[in-house]
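This report describes a single protein chain, with attention to its helices and the packing between them. The sequence and the model are shown below.

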Amino acid sequence: MFRFDYQFRTLSNYYSVKSIKNLERLQQLHLLIENERTGSPRELGRRMHISERLVYKLIDYLKDYDAQISYDRGRKTYYYREDFFLEVKVSVSVKSKNEVIELYGGGYI
(Lines give C-alpha, C1' and ligand atoms only; values in the text may rest on other atoms or scores of the structure.)
Protein backbone atom coordinates (compact mmCIF):
# COMPACT_ATOMS: atom_id res chain seq x y z
CA MET A 1 0.00 0.00 0.00
CA PHE A 2 1.26 3.46 -0.89
CA ARG A 3 -0.35 6.57 0.47
CA PHE A 4 0.11 10.25 -0.32
CA ASP A 5 -0.64 12.55 2.59
CA TYR A 6 0.24 16.19 2.14
CA GLN A 7 -0.75 19.03 4.42
CA PHE A 8 -0.34 22.55 3.16
CA ARG A 9 0.25 24.84 6.09
CA THR A 10 0.42 28.09 4.12
CA LEU A 11 0.03 29.12 0.52
CA SER A 12 3.68 30.12 0.46
CA ASN A 13 4.63 26.50 1.14
CA TYR A 14 6.74 24.63 -1.42
CA TYR A 15 3.69 22.84 -2.79
CA SER A 16 1.66 24.79 -5.30
CA VAL A 17 -1.67 24.53 -7.06
CA LYS A 18 0.22 22.88 -9.93
CA SER A 19 1.39 20.18 -7.52
CA ILE A 20 -2.19 19.56 -6.44
CA LYS A 21 -3.18 19.21 -10.09
CA ASN A 22 -0.39 16.68 -10.64
CA LEU A 23 -1.59 14.66 -7.63
CA GLU A 24 -5.06 14.61 -9.20
CA ARG A 25 -3.50 13.50 -12.49
CA LEU A 26 -1.55 10.80 -10.69
CA GLN A 27 -4.76 9.47 -9.19
CA GLN A 28 -6.50 9.57 -12.57
CA LEU A 29 -3.58 7.74 -14.19
CA HIS A 30 -3.60 5.13 -11.43
CA LEU A 31 -7.30 4.41 -11.99
CA LEU A 32 -6.81 4.06 -15.75
CA ILE A 33 -3.86 1.71 -15.26
CA GLU A 34 -5.74 -0.27 -12.63
CA ASN A 35 -8.66 -0.74 -15.06
CA GLU A 36 -6.26 -1.37 -17.97
CA ARG A 37 -7.89 1.35 -20.07
CA THR A 38 -5.03 3.75 -20.79
CA GLY A 39 -4.60 3.46 -24.54
CA SER A 40 -1.24 4.34 -26.06
CA PRO A 41 0.91 6.98 -24.34
CA ARG A 42 -0.21 9.55 -26.92
CA GLU A 43 -3.89 8.62 -26.46
CA LEU A 44 -3.45 8.70 -22.70
CA GLY A 45 -2.00 12.21 -22.87
CA ARG A 46 -4.93 13.38 -24.96
CA ARG A 47 -7.44 11.73 -22.64
CA MET A 48 -5.87 13.37 -19.59
CA HIS A 49 -5.25 16.71 -21.39
CA ILE A 50 -1.51 16.54 -20.74
CA SER A 51 1.59 16.06 -22.86
CA GLU A 52 2.94 12.63 -23.66
CA ARG A 53 6.11 13.66 -21.83
CA LEU A 54 4.13 14.30 -18.64
CA VAL A 55 2.50 10.87 -19.02
CA TYR A 56 5.96 9.30 -18.87
CA LYS A 57 6.94 11.46 -15.88
CA LEU A 58 3.83 10.43 -13.95
CA ILE A 59 4.44 6.76 -14.75
CA ASP A 60 8.04 7.12 -13.58
CA TYR A 61 6.78 8.75 -10.39
CA LEU A 62 4.55 5.74 -9.70
CA LYS A 63 7.48 3.44 -10.44
CA ASP A 64 9.57 5.36 -7.90
CA TYR A 65 7.12 4.01 -5.32
CA ASP A 66 7.52 0.43 -6.52
CA ALA A 67 4.50 0.27 -8.82
CA GLN A 68 5.22 -2.61 -11.21
CA ILE A 69 3.92 -1.03 -14.44
CA SER A 70 4.21 -2.56 -17.90
CA TYR A 71 2.76 -1.74 -21.30
CA ASP A 72 0.96 -4.28 -23.51
CA ARG A 73 1.33 -3.24 -27.16
CA GLY A 74 -1.33 -5.69 -28.35
CA ARG A 75 -3.99 -4.33 -26.00
CA LYS A 76 -2.56 -0.78 -26.06
CA THR A 77 -2.69 -0.30 -22.33
CA TYR A 78 -0.50 0.06 -19.28
CA TYR A 79 -1.18 -2.39 -16.47
CA TYR A 80 0.10 -3.30 -13.02
CA ARG A 81 2.05 -6.57 -12.87
CA GLU A 82 1.40 -6.69 -9.12
CA ASP A 83 -1.33 -5.16 -6.97
CA PHE A 84 -0.72 -1.49 -6.25
CA PHE A 85 -2.82 0.76 -4.04
CA LEU A 86 -2.76 4.54 -4.31
CA GLU A 87 -4.71 6.96 -2.15
CA VAL A 88 -4.36 10.71 -2.60
CA LYS A 89 -5.61 13.11 0.06
CA VAL A 90 -5.11 16.86 -0.13
CA SER A 91 -6.03 19.59 2.32
CA VAL A 92 -5.27 23.29 1.99
CA SER A 93 -6.05 25.90 4.65
CA VAL A 94 -5.40 29.62 4.92
CA LYS A 95 -4.87 30.86 8.44
CA SER A 96 -5.03 34.53 9.30
CA LYS A 97 -6.09 36.43 12.44
CA ASN A 98 -7.32 33.29 14.18
CA GLU A 99 -9.52 32.43 11.23
CA VAL A 100 -9.19 29.27 9.18
CA ILE A 101 -10.58 29.10 5.67
CA GLU A 102 -10.55 25.76 3.90
CA LEU A 103 -9.75 26.29 0.24
CA TYR A 104 -9.66 22.72 -0.91
CA GLY A 105 -10.20 19.48 0.82
CA GLY A 106 -10.86 16.01 -0.39
CA GLY A 107 -9.71 12.57 -0.94
CA TYR A 108 -9.43 10.32 -3.92
CA ILE A 109 -9.84 6.61 -3.50
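Where is the place of leucine 58? Leucine 58 lies in helix H3; helices (H or I, at least four residues) and strands (E, at least two) are DSSP runs, numbered from the N terminus. This is a predicted model, in which local features need pLDDT of at least 70 and side-chain atom pairs count only at pLDDT 80 or more, while totals for chains, interfaces and linings use all residues. Residues are numbered from 1 along each chain as its sequence is written, and side-chain values use heavy atoms, with hydrogens and water left out.

## Overall layout

Three helices and five strands are present in the chain. Along the sequence they follow the pattern β-α-α-α-β-β-β-β. The chain has 109 residues, and 36% of them are buried. Buried means under 20% relative accessible area, exposed over 50%, and partly exposed in between (1.4 Å probe, protein chains only). Of the contacts (heavy atoms within 4.5 Å) in the chain between residues at least 6 apart in sequence, 51% join residues at least 24 apart.

## Helix H3

Helix H3 covers residues 52-64, which is 13 residues. From its first C-alpha to its last it reaches 19 Å, close to the 18 Å expected at 1.5 Å a residue; the expected span is 1.5 Å times one less than the number of residues. The buried residues Leu54, Val55, Leu58, Ile59 and Leu62 belong to H3. They are on the same side of H3, because they cover an arc of only 140 degrees around the axis. The arc is that of the directions from the helix axis to the C-beta atoms. Arg53 and Asp64, on the other side of H3, are exposed. Just after H3 comes aspartate 66, with a positive phi of about 70 degrees.

Leucine 58 is buried, its relative accessible area being 6%. Leaving aside neighbours within four places in sequence, leucine 58 is in contact with Asn22, Arg25, Leu26, Leu29, Met48 and Ile50. Its C-alpha atom is separated by 9.5 Å from that of histidine 30, and the two residues are 28 apart along the chain.

Tyrosine 61 is also found in helix H3. With a relative accessible area of 27%, tyrosine 61 is partly exposed. Tyrosine 61 and leucine 26 are 35 residues apart in sequence, and 8.6 Å apart in space from C-alpha to C-alpha.

## Helix H2 and its packing on H3

Which residues of H2 are buried? Pro41, Leu44, Gly45 and Met48 are the buried residues of H2. Their arc around the axis is only 100 degrees, so they are on the same side of H2. Arg42 and Arg46 are exposed on the other side of H2.

H2 and H3 pack with their axes 8 Å apart, at an angle of about 95 degrees. H2 is therefore roughly perpendicular to H3. Axes are lines fitted to C-alpha atoms, for helices over the stretch in contact, and angles run from 0 to 180 degrees between N-to-C directions. Angles under 35 degrees count as roughly parallel, over 145 as roughly antiparallel, 65 to 115 as roughly perpendicular and the rest as oblique. From H2, Pro41, Arg42, Leu44, Gly45 and Met48 meet Glu52, Val55, Tyr56 and Leu58 in H3.

## Nonpolar core

The largest nonpolar core has 22 residues, of which Leu29, Leu62 and Ile69 touch the most other members. Helix H1 (17-34), helix H2 (41-48), H3, strand E3 (77-80) and strand E4 (86-96) are the elements that give two or more residues to this core. H1 gives the most, with six residues. Such a core is a set of buried Ala, Val, Leu, Ile, Met, Phe, Trp, Tyr and Cys residues joined through side-chain atoms within 4.5 Å. Apart from neighbours within four places in sequence, leucine 29 is in contact with Leu44, Met48, Leu58, Ile59 and Leu62.

## Loop residues with positive phi

Glutamate 36 and histidine 49 each have a positive phi although neither is a glycine.

| Residue | Place | Phi | Relative accessible area |
|---|---|---|---|
| Glutamate 36 | loop between H1 and H2 | about 50 degrees | 33%, partly exposed |
| Histidine 49 | loop between H2 and H3 | about 60 degrees | 71%, exposed |
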